[in-house]
Amino acid sequence: MFDQFTVVTDPVGDSVALSAIFAVLPLLTLFVLLGVLKVKAWLAGVISLAVALIVAIAVYAMPIGQAVLSATEGAAFGFFPILWIVINAIWVYNLTVESGHFDVLRRSFERVSPDMRIQAIIIAFCFGALLEALAGFGTPVAITVVMLMALGFRPIHAASVSLLANTAPVAFGALATPIVTLASVSSGANPDPRLTVDTLGAMVGRQTPILAVVVPLMLVALVDGRRGIRQTWPAALVAGVSFGLAQFVAANYISVPLTDIVAALVSAAAVVLLVRVWRPVTPADLGREPEAAAVPAARGAVDAELAGPGRVGAAAGTRSDTTSTAAPGLGGSGGQTPPGDPRIDQTVSTGRHRGDDLESRPTDQAHAATASGRWIADTPAEIGRAYAPYLIIIAIFSVANLGAVKTALAKEPWTVKFAWPGLDILGGNGKPLSSVTFTLNWLPAAGTLMILAGILTALVLRVSAGRALRAYGRTYVELRYAIVTVMAVLALAYVMNQSGQTNTLGAFLAAAGGAFVFLSAILGWIGVAVTGSDTSANALFGALQVQTAARAGLDPLLLAAANSSGGVLGKMISPQNLAIAAGAVGMAGREGEIFRKVFGWSLVLLLFMCVLVALQASPVLSWMVP
């Protein structure tokens, strides 16, 4: 039952082609359950894991004990470090909601520019990237979509803008969790010494920054057609170029986990500075003051999204004590209907914010309206506290990634490496698989650092210990389905990799030869489109990419990175993300409408990535590969 197992590639009739028919069954099961039958993600993951175990035991002759232990190691890796990051990052966000400072943060964004196209760039692209950097797994879409609704965007446009923006940052999301996962599964399947977090991150950092340059332009085109590009291209280019440059520099020379944090902040700062000296010509039908928009219940959208597939409720808030007027439709050169349904409050009542009388504030201080029509002025101290959690996170991770500190924390007792108990698997070369060694970096792990950031955040935001602990408990409850899903998918990936199923698929696909370099990004795109997660797609296909590369004479580093970079473009069309966006804007059941809005953008960007990877594999751009 616990006998030593040696990985085989052609267990069925000594034929790779016949063996591939069985090896693909777990993935096919996952794809059909999620993409066709619309089964909940956690259930689809568990069923697919069961299929992988059956194939490993019945077809590949893997001992039952070894197969089960392989699954347990994968599930453990799914929780630590992956879910450990997500849970604690979302807890930090929940603390900002608990204290009311998330609303302060939203209002500060509103004041930067009254132009809805600029707001789309700042909130969906820049702030969405920051949320992706800290949490990922659908959180940016759930939060930014309701913020856009609060600013007056129509539901379908808010959803489409948020989904399109959630592309370039995805590979480095959740403190580079997809890259960490990719390094883990690919290094165990290929001896190339470059398959590490740092080098893989550097390679991805030479692909996705190019996407970042064009995404803001696509956003303003989606918001306001050709007119949007013509009138706001300076802001779009500044946002895209600054983000791309910062992402490249951070991924290659600073810190892979901090890549998106650095890029998001640099991009946001660049746009804010630009609009201080330049403002676009804002058409009347897009120029409503943002303070007049209703404020949706952002927390409700996030709670519903995190509660699990199929449980996303509408988050748009209702207006009270106000009347509104809607802007007329576009009929000019913009080429499409404007996204917003800007509303102007006709009644404004005074109110209080944290005990202060609004009338006593300076008349030149920025104001924002609440959903009830009351005006709120945030003090500089409140605004500073709203941004504090993100500054705390940056400071903590910057210190942890200093050379001397990072080296010290990588040693015992802060980091412990051990062979997974009872797991005894040899590769085709007769040597133990590197993936059977588990790394428990309990202190330097990104999730542990996020706990420290959360404690400091609670102190700064004046959240009591009791409230902070209750928020932490709620975070686990909210994520219960996501926890099962991620652990099941990682268990599935480990069973497929350690039983030889991934090897078989790699050998089969290697028959495509050099043409596979063009297909590798598509494979990642399909994986994310089905699973909704770049992390899950990397876990499923990372080993397959590097094994195929070895057999086809291609660069394993390039193909592994292409899996992640191509995968980010499937994020906007994944059923899970579509459900998150649709539910958050009150369009549950109408995901098809949003899908049609973003599918074309996804294909255009995917083709761009396929061409880029093919050029990087050729003498034309081979200099870009580390």
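Let me start with Pro81, which lies in helix 4, and with the bond that leads into it, because in this predicted model the peptide bond from Phe80 to Pro81 is cis, with omega near 20°. A second cis peptide bond joins Glu412 and Pro413, where omega is about 5°, and Pro413 is found in the loop between helix 15, residues 403-409, and strand 6, residues 416-419.

Helix 4 also brings us to the interior, and here I would ask which residues of the largest nonpolar core touch the most other members. That core holds 186 residues, and the two in question are Phe127 and Ile261; the largest share of the core, 18 residues, comes from helix 4, which runs over residues 64-99. If we take Phe127 and leave aside its neighbours within four places in sequence, we find it in contact with Phe102, Leu105, Phe109, Ile122, Ile143, Met147 and Tyr390.

Let me turn now to the backbone angles. Ala61 has a positive phi of about 60° although it is not a glycine, and this residue is found in the loop between helix 3, residues 41-58, and helix 4. Is Ala61 buried or exposed? With a relative accessible area of 56%, Ala61 is exposed.

Arg462, likewise not a glycine, has a positive phi, near 60°, and sits in the loop between helix 16, residues 446-460, and helix 17, residues 465-478. For Arg462 the relative accessible area is 62%, so this residue counts as exposed, the cut-off for that term being over 50%.

Methods:
Residues are numbered from 1 along each chain as its sequence is written. This is a predicted model: local features need pLDDT of at least 70, side-chain atom pairs count only at pLDDT 80 or more; totals for chains, interfaces and linings use all residues. Side-chain values use heavy atoms; hydrogens and water are left out. A nonpolar core is a set of buried Ala, Val, Leu, Ile, Met, Phe, Trp, Tyr and Cys residues joined through side-chain atoms within 4.5 Å. Buried means under 20% relative accessible area, exposed over 50%, partly exposed in between (1.4 Å probe, protein chains only). Helices (H or I, at least four residues) and strands (E, at least two) are DSSP runs, numbered from the N terminus. Contact means heavy atoms within 4.5 Å.
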